[in-house]
Each structure stands twice: as structure tokens, then as C-alpha cells.
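User: Please take a close look at how nonpolar side chains and aromatic rings pack in this protein. Where are the cores, and which rings pair up?

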Amino acid sequence: MIQRAMTLADVDAVQAVEAQAYPFPWSRGNFVDSLLAGHLAPLRLSAAGAVQAYAVAMPGVEEMHLLNLTTAPAEQRRGHARALLGGLLDECRARRLHKLWLEVRGSNAAALALYAACGFTTQHVRRGYYPAGRGEREDAVVMMRALDGQAEHALD
């Protein structure tokens, strides 16, 4: 397994995984715009170079916002998302950021369980945030992890 920052050369492979993982995936342009804006984008690759998981996070003033955390369907439940989250929490600490925020679909039970296990707490719900099938909308659960400033790895 290789972990490094995503580059523009990775975007097509990342977007292909995104399209496999979600019925309403990010576009290629979403990834390009995020990289050009300087967002953090850790990427996990197999030894053969296949995309296993990735994240996109936007650092801000005193906090960071996780915009996307995705594991390739064939790689799920192997610790990739937890490892990426841990790295982002470590990065928050290194930058002296106090909170990591995220939104997650209310129907995504696996992600909700992972985030709760990693110390995220529900802050509120954004009604109709995500597109859903047949022109409907799905609520987003807004979660946050407060950081205590300690240097140890966040998810050990």
C-alpha cells in the first residue's frame, strides 16, 4: 500500500472509483478544482497503483472540512477510511486546527458508524442536502470532531 497526495494525473482514476462508489458522484471538475484550490487530498494506492481510497479536505481558519472520503467498493472494510481520517486529524493538530467537520448521507449507516467510532458527534441535520433518486433529496448529518491539541495519532 502506498499513501501520497493526489495529483492532477490521478484524477481520472479517482473519478472512476467515485463513479463506482456513488449514484451521485463528484465530477472530474470537482476533483480538479479541489486540487487547484490547494485542498488536502491524501490518496491510498495498492502496490500495483490501483486507487484504494482517497479524501479531500479543505483547511480553514481554526478548522478543517472533510469534503469527500471514499473507499473503492472492493477495498471497503479494510481500514483505508480510518487511516485517512487519522491522517487528516493529525494534519489538523499539526496546523493547530480545533475541529474537523463533515457531512454524511443520513442513509449511510457504515459511514455514520465509522465517524462515531472515530469520535465524531452529530451537530445537526441539513434537510435535503444531497440529491437522491427520482428527483428527491436526502438529508445530511453534520458531524464534528473536536481536537484536543495532543500530538498522538488520533485514531490509535
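Analyst: Cores come first, then ring pairs.

This is a predicted model, with pLDDT of at least 70 needed for local features and 80 or more for side-chain atom pairs, while totals for chains, interfaces and linings use all residues. Residues are numbered from 1 along each chain as its sequence is written, and side-chain values use heavy atoms, leaving out hydrogens and water.

Start with the largest nonpolar core. It holds 25 residues. A nonpolar core is a set of buried Ala, Val, Leu, Ile, Met, Phe, Trp, Tyr and Cys residues joined through side-chain atoms within 4.5 Å. Buried means under 20% relative accessible area, exposed over 50%, and partly exposed in between (1.4 Å probe, protein chains only). Leu66, Leu85, Leu100 and Tyr115 have the most contacts inside this core.

Which elements build it, with two or more residues each? They are strands E3 (51-59), E4, E5 and E7 (137-146), plus helices H3 and H4. H3 gives the most, with six residues. Helices (H or I, at least four residues) and strands (E, at least two) are DSSP runs, numbered from the N terminus.

Now zoom in on Leu100. Set aside its neighbours within four places in sequence. Leu100 then touches several leucines: Leu66, Leu85, Leu88 and Leu89. Met64, Met143 and Met144 are in contact too, as are His65, Cys92, Phe120 and Arg145. Contact means heavy atoms within 4.5 Å.

A second core is separate from this one. It has 15 residues, including Trp26, Phe31, Leu35 and Ala41.

That leads to the rings. The whole structure has four aromatic pairs. Rings of Phe, Tyr and Trp (its six-membered ring) pair if their centres lie within 6.5 Å; planes under 30 degrees apart are stacked, over 60 edge-to-face, and the rest tilted.

Take Trp26 and Phe31. Their ring centres are 5.0 Å apart and their planes meet at 50°, so this pair is tilted. Both residues are buried. Trp26 counts as buried at 19% relative accessibility, and Phe31 has a relative accessible area of 1%. Ring pairs also bring in Tyr54, giving a cluster of Trp26, Phe31 and Tyr54.

Next, Tyr129 and Tyr130. Their ring centres lie 4.9 Å apart, with planes at 90°, so this pair is edge-to-face. Are these two tyrosines buried or partly exposed? Tyr129 is partly exposed, at 37% relative accessibility. Tyr130 is buried, at 17%.
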